[in-house]
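Q: Got a minute to go through this one with me? I'd like to start with the terms, then look at the structure itself.

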Amino acid sequence: MSRGGRRFRRALIPAGRRCMLAPMKDTLRIEQTGAALGARVRGVDLSRVDDPTAEALRAAWHRHQVLIVPGQSLDPAALVDFSRRFGALEASPGSAEHAAGRQGGVPPEVWIISNVRRDGRPIGALGNREAAWHSDMSYVPEPARASVLYGVEVPPAGGDTWFADMYAAYAALPDDLRRAVDGLEVHHDASTTSAGELRRGAAPVVDVTAGPGARHPAVRRHPETGRPALFLGRRRNAWVVGYPLAESDALLDRLWAHCADPRFAYAHRWTVGDVVLWDNRCVIHRRDGFDAGHRRLMLRTQVRGEPVIPWRAR
Ligand code: OGA
Ligand code: MN
């Protein structure tokens, strides 16, 4: 374990919660969840992934969109090394805290998602409230390709993370909605987090046609699988570019009601040691709220993305 990792554990993880080392098996097993998307991966120690295993994991990830790998024991540096198997990582937006030594010694590529407070200040993002459906960083020109979330401490109830399949949502659109959405661009708002809090330095949006964020095609072509996926990003302060506000809201409300249908979703109930990896290009996710009296501590990395390619079905 790196020096930073040790310091992090001492600072943030109660002694009883330190994880056991998972038994190492030499055979990778990939089992579909039985829900619309996602597969559970067994027989792998993510702290020691060799090239053929990494290749098999990338292939499974393209196929199943979300991978769930239970029973892992990773220090922050090992989480970073594993995540790099999916591409170059982005530094956490808490880099100022990192620079000031306020993030418990985790490397800058590790983001802390937590409701835990130390000295009265949150140690990470998103608190304990519900986080609405979104695709990570959709409000920037090149949104994140992948996100990896590792459960260090999980509450006894609540805090489940939901994932929904945006290939399937696109394919199942009623004809009129599919015709309406192909070729459109949507504005993705940068002012608030998925938990509804204003981001640092952001002002409340009064005119959604002029707020901060990025515009992307509503239907995108996945650069690796070539398949079309709905790419709506986030509902709050969204705008269908060029539409009158009432028409934009009506269309977005219909599209979001469709995407949020449980038939497209898998809900993940966390166990300590779970690593969950998803593809932001074809998956949206949300999180249930949980009791503020319980601790939830997740480590997260984010793989840098690429410009969004329009599907251009017409
Ligand atoms: C995230 C996120 C959900 C969760 O880290 O991007 O949405 O379950 N987290 O904490
Ligand atoms: Mn997210």
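A: Sure. Buried means under 20% relative accessible area, exposed over 50% and partly exposed in between, with a 1.4 Å probe and protein chains only. By that rule Cys282 is buried, at 1% relative accessibility.

Q: Anything to know about the model first?
A: The model is predicted, so local features need pLDDT of at least 70 and side-chain atom pairs count only at pLDDT 80 or more, while totals for chains, interfaces and linings use all residues. Residues are numbered from 1 along each chain as its sequence is written, chains are lettered from A and ligands numbered from 1 in the order written, and side-chain values use heavy atoms, with hydrogens and water left out.

Q: OK, how many helices and strands are in the chain?
A: The chain has seven helices and 19 strands, taken as DSSP runs (H or I, at least four residues, for helices; E, at least two, for strands) and numbered from the N terminus. Of its 314 residues, 53% are buried.

Q: Which residues touch the most other members in the largest nonpolar core?
A: Val66, Phe163, Met166, Val181, Leu230 and Cys259 do, in a core of 43 residues. Such a core is a set of buried Ala, Val, Leu, Ile, Met, Phe, Trp, Tyr and Cys residues joined through side-chain atoms within 4.5 Å. Helix α7 (residues 245-259) gives the largest share, five residues.

Q: And where does this core lie relative to domain 1 and domain 2?
A: Between them, because domain 1 (3-159 + 265-303) and domain 2 (166-259) both give residues to it. Those bounds come from an automatic or database domain assignment. There's also a second, separate core of 32 residues, including Leu46 and Val80.

Q: Switching topic: which residues coordinate the manganese ion (ligand 2)?
A: His134 (NE2), Asp136 (OD) and His285 (NE2), at 2.1 Å. Donors are N, O and S atoms within 2.8 Å of the metal (3.2 Å for Na, K and Ca), and sites may look incomplete because water is not among the atoms. Along the chain the donor spacing is H-x1-D-x148-H.

Q: Where do Asp136 and His285 sit?
A: Asp136 is in the loop between β8 (131-134) and β9 (146-153), and His285 is in strand β18 (residues 283-287), 149 residues apart.

Q: Are those two buried or exposed?
A: Asp136 is buried at 6% relative accessibility, and His285 is buried at 5%.

Q: Last one: how many disulfides in the whole structure?
A: Zero, counting pairs of cysteine sulfur atoms within 2.5 Å.
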